[in-house]
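Me: Hi! I have a structure open and could use some company while I look around. Mind if I ask a few quick things?

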Amino acid sequence: MLSGLRHLLAVLAIALLATGCATSQPDTGGEPWPSAEGDGAYEAEYDNDPLELPNRFIFAFNEMLDFAVFRPVAVTYRFLVPEPVRDSVRNFLRNLSAPVILANDLLQGELDRAEATATRFAINSTAGLLGLFDVAEGMGYEYHDEDFGQTLAVYGMGEGVYLVLPVLGPSSIRDGVGLVVDSYLDPLTYVADNNDAEDWMLVRRAVAGIDFRARNIETLDDLKRDSIDFYARIRSLYRQTRANEINNGAPATDGPTPGLYSLDFEFDAEGDQVDTSAN
Amino acid sequence: MRAAPQGSARLAAVALSLMLLAAVPDAAVASSAEQAGRFIAEMTETAIEGLTDNAVPAAERESRFRNLFRAHFDIPAIGRFVLARYWRTADAAEQKDFIAVFEDVMVRRFAPQFTGYAGTRLEVTKVQPLDDSRQFMVSTRIDPPDGKPFTVDWRVREGDEGYRVLDVIGEGVSMALTLRSEYTSVIKSAGGVSGLIEQLRRQVESAASGA
């Protein structure tokens, strides 16, 4: 089952990589979001979503799946299982993913963060009873996530184009490739393969998904109620959140990806907002 | 001839202000940045004081928020940014209608958000001047009484009527950018700015009847 999923992802990623190369990002003077000048190709540029039509189709499919399966299961899970148990479930899953996080910390040259991840793994796997309790956090080693999509970004790879993956949701070519590579970086993949236990890898993914969904029931409900175009809002939130994760929360003021600090509100030198509207 | 003393007085005044101008630039920038930080601190203080009390009726809190929002945010500038290039394709009436309904959407959305934030502390951690010399990014750390602290960056511009907020960035997510992405997408699919205005009006109405 897992290798099936990985295979699907790999095929998707490779098929779309070709598209991504062909439609590689336009030159926007180094800005991820060009200012409001230009012709009709402009949304396509700053939303980086040339595959919008198929993406919207998959998004609608995911929404249906969420409505019919994931949200109800998440609501039930949160209702039936007490919070400390749910926290232990999350702690356990996080501890399982420590090797992958550590690998990516190291690949990014983030030695302090690598040390934190390694220390957490050592402490929580033992004193934390196989990861069920996050005792390391109380000792000053806080959890952080890291994945190969972020590593590729640190190496200078652009996101390619925005993608919505079936079941897995918002992604990009870069992050889709990252998902595949992460599964190869994970020692448990090989343990499972050698013991005919691939199904357990799928179970682990499913539980992680339910845990995430259960922690975001109200947030996602609010977001949806609040949107007049839920797809476009999720796309924007995903892309901004990823940019923030890649910078590890530091604002990108300089460097290869000037971020939110360089948005252009179009004030001219006199301090009037530029207005060339035809009225 | 009588103009002479007046003229020389004016000259002296100009000379004096030129001298002052030459002397202050650095200090002026520093104090502008400081003031931008204070502006945000005072605004959030007012918001936490006036909007977190559940005993105050919702309608009253909403009108308080609207006043605060109008006084501290450059709503037309945000509206133009959000519409991006479509601002220029809209006619004057559409521009006006959009700004009006945009304000309503923001008020409906954010006025009820403050309950539960009583006793929240806000600390200005950094004020950074931006490329446009009249704009600043004010970084703050918000520490609610229950819940984890989080960071919010405020893009502030010093205009003729004082400081105004242009954008709010929570944990790396920009409000202006998110709205721009969503609204331009709706404009494309719903037939122009008038289609967007219509959808936003419907949203405000349904929020009103739902509450």
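Me: What share of the contacts in chain B with a separation of 6 or more come from residues 24 or more positions apart?
Reply: Happy to help! Keep in mind that this is a predicted model. In chain B, 54% of the contacts with a separation of 6 or more are between residues 24 or more positions apart.

Me: And what is the figure for chain A?
Reply: For chain A, 63% of the contacts with a separation of 6 or more link residues 24 or more positions apart.

Me: OK, what is chain B built from?
Reply: Chain B has eight helices and five strands. Going along the sequence, the pattern reads α-α-α-α-α-α-β-β-β-β-β-α-α.

Me: How are those strands in chain B ordered in the sheet?
Reply: The order is S1-S2-S3-S4-S5, in an open sheet of five strands with antiparallel pairing. S1 and S5 of chain B are at the edges with a single partner strand each, so one side of each has no neighbour in the sheet.

Me: What holds strands together in general?
Reply: Strands of a sheet pair through backbone hydrogen bonds, and the pairing can be parallel or antiparallel.

Me: Let's zoom in on S1(B) and S2(B). How many bridges do they share?
Reply: Eight bridges, in the antiparallel sense, between strand S1 (residues 121–129) and strand S2 (residues 135–143) of chain B. A hairpin of five residues joins S1(B) to S2(B).

Me: Which residue in S2(B) is opposite B:Leu122?
Reply: That would be B:Ile142. You can also find B:Val127 opposite B:Val138 in S2(B).

Me: Changing topic: where is B:Phe81, and is it buried or exposed?
Reply: B:Phe81 lies in helix H4 of chain B. B:Phe81 counts as buried because there are 23 C-beta neighbours inside 10 Å, and the cut-off for buried is 20 or more.

Me: What is B:Phe81 in contact with, leaving aside its neighbours within four places in sequence?
Reply: With that condition, the contacts of B:Phe81 are A:Phe265, B:Ala176 and B:Arg180. B:Arg180 is 99 residues from B:Phe81 along the chain, and their C-alpha atoms are separated by 7.2 Å.

Me: Speaking of chain A, how many residues does each chain bring to the contact between them?
Reply: Chain B brings 37 residues and chain A brings 32 residues. On the side of chain B that touches chain A, H7(B) gives the most, with nine residues. The residues on that side of chain B divide into 15 nonpolar, ten polar and twelve charged.

Me: How many helices and strands does chain A have?
Reply: Chain A has 13 helices and two strands. Of its 279 residues, 28% count as buried, while in chain B buried residues make up 30% of 211.

Me: Can we check a helix in chain A? What span should H11(A) have?
Reply: Sure! Helix H11 (residues 198–214) of chain A has 17 residues, so at 1.5 Å a residue it should span 24 Å. The C-alpha atoms at its ends are 25 Å apart, which agrees.

Me: Which residues of H11(A) are buried?
Reply: In H11(A), the buried ones are A:Met201, A:Arg213 and A:Ala214.

Me: Last one: what scores does the predictor give the complex?
Reply: The complex gets an ipTM of 0.77 and a pTM of 0.79. Chain B averages a pLDDT of 82, and 84% of its residues score at least 70.

Conventions. Residues numbered from 1 in each chain as written. Chains lettered and ligands numbered in written order. Predicted model: local features only at pLDDT ≥ 70, side-chain atom pairs only at ≥ 80, totals over all residues. Contact = placed C-beta atoms within 7 Å. Helix = DSSP H or I, 4+ residues; strand = E, 2+ residues; numbered from the N terminus. Nonpolar A, V, L, I, M, F, W, Y, C, P; charged D, E, K, R; others polar. Expected span 1.5 Å × (residues − 1). Buried ≥ 20, exposed ≤ 12 C-beta atoms within 10 Å, placed from the backbone. Pairing = 2+ DSSP bridges. pLDDT = per-residue confidence, 0-100.
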